[in-house]
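Here are a few notes to read alongside the structure. Have a look at the picture, then go through the points in order.

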Amino acid sequence: PHKHVFLAIGGNEGKSPSPIQGVSKINTETKAEQVWMASQNEFLGSIAHAPSTDGDKSGYIVGILFNGSTSKSEVFILDADNIESGPFCRSEVDCNVSLTLGSFFASGSGAVWDPESIEKSFALSNLFERKGWNEAKSDFS
C-alpha cells in the first residue's frame, strides 16, 4: 500500500553485479520510474526515506556517498518528488564512512539523544570490543 518505492541501484543498467551508484523511485501504481545516478567514481551506501512535514511533498532521500577520486565521504539529500534532479545538498564529512553502514529515519522526541547517553553507549561498545564479547563463536563441538 505504498505509492512509491525507493531503491539503491547498481551502475551498469542491470547487465551484471555492480557497486551501488544510484537511486531509483518506482511508482507502484503506474510503474513509472525516476533515476538519479552518481558520477562514475562515486558509490553509495544505504539510503533512507525521511518523510516531509509538508503533506504536499513525498519527503527526502538521505544517504552516504563515497567519492573514489577524492577518497572522501559525503552525506547527500535528494528531493523524493524529483529524484532525477540529483542531490540538492551534499556535505563532506571529516572521515570515511563505511558504505555498509545501515540507516533509517526516526522523528519525534525518541530520536534525540543527549551527549551523555551517546558517550555512555560509546564507552560500553568499546568495553564489549576489548573483551571480545562482540565476536560470534562457532566452535560448539
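1. R90 sits at 37% relative accessibility, so it counts as partly exposed, being between the 20% and 50% cut-offs. Bear in mind that this is a predicted model.

2. So what does R90 pair with? One salt bridge goes to E42, with the closest N and O atoms 2.6 Å apart. That pair links distant parts of the chain: R90 belongs to strand β7 and E42 to strand β4, 48 residues apart. E42 has a relative accessibility of 7%, so it counts as buried, the limit being under 20%.

3. R90 also forms a salt bridge with E74, and here the closest N and O atoms are 2.7 Å apart. R90 is in strand β7 and E74 in strand β6, so this pair ties together parts 16 residues apart in sequence. E74 is buried too, with a relative accessible area of 11%. Put the pieces together and you get a network of salt bridges linking E42, E74 and R90. As background, side chains of opposite charge can pair when their charged atoms come close.

4. How many salt bridges are there? The count comes to four. Another one of them joins K57 to D79, with 3.2 Å between the closest N and O atoms. K57 is in the loop between β4 and β5, while D79 is in strand β6, 22 residues apart, so to speak of distant parts of the chain is fair. K57 is partly exposed, with a relative accessible area of 27%, whereas D79 is buried at 18%.

5. Now for the sheet that these strands belong to. Four strands form an open sheet, in the order β4-β5-β6-β7, with antiparallel pairing. At the edges are β4 (42-50) and β7 (89-92), each of which pairs on one side only. On average, neighbouring strands of this sheet are turned by 20° against each other, direction ignored.

6. Take a look at the middle of that order as well. Strand β5 (residues 60-67) and strand β6 (residues 72-79) run antiparallel and are joined by eight bridges. Which residue of β6 is the bridge partner of I64? That would be V75.

7. Last, a residue outside the strands. S98 is found in the loop between β7 and α1 (115-131). With 41% relative accessibility, S98 counts as partly exposed. S98 and F66 are 32 residues apart along the chain, and 8.5 Å separates their C-alpha atoms.

Terms used: Residues numbered from 1 in each chain as written. Predicted model: local features only at pLDDT ≥ 70, side-chain atom pairs only at ≥ 80, totals over all residues. Heavy atoms only, no water. Pairing = 2+ DSSP bridges. Helix = DSSP H or I, 4+ residues; strand = E, 2+ residues; numbered from the N terminus. Axes fitted to C-alpha atoms, helices over the stretch in contact; angles between N-to-C directions. Buried < 20%, exposed > 50% of the residue type's maximum accessible area, 1.4 Å probe, protein only. Salt bridge = Lys/Arg side-chain N within 4 Å of Asp/Glu carboxyl O.
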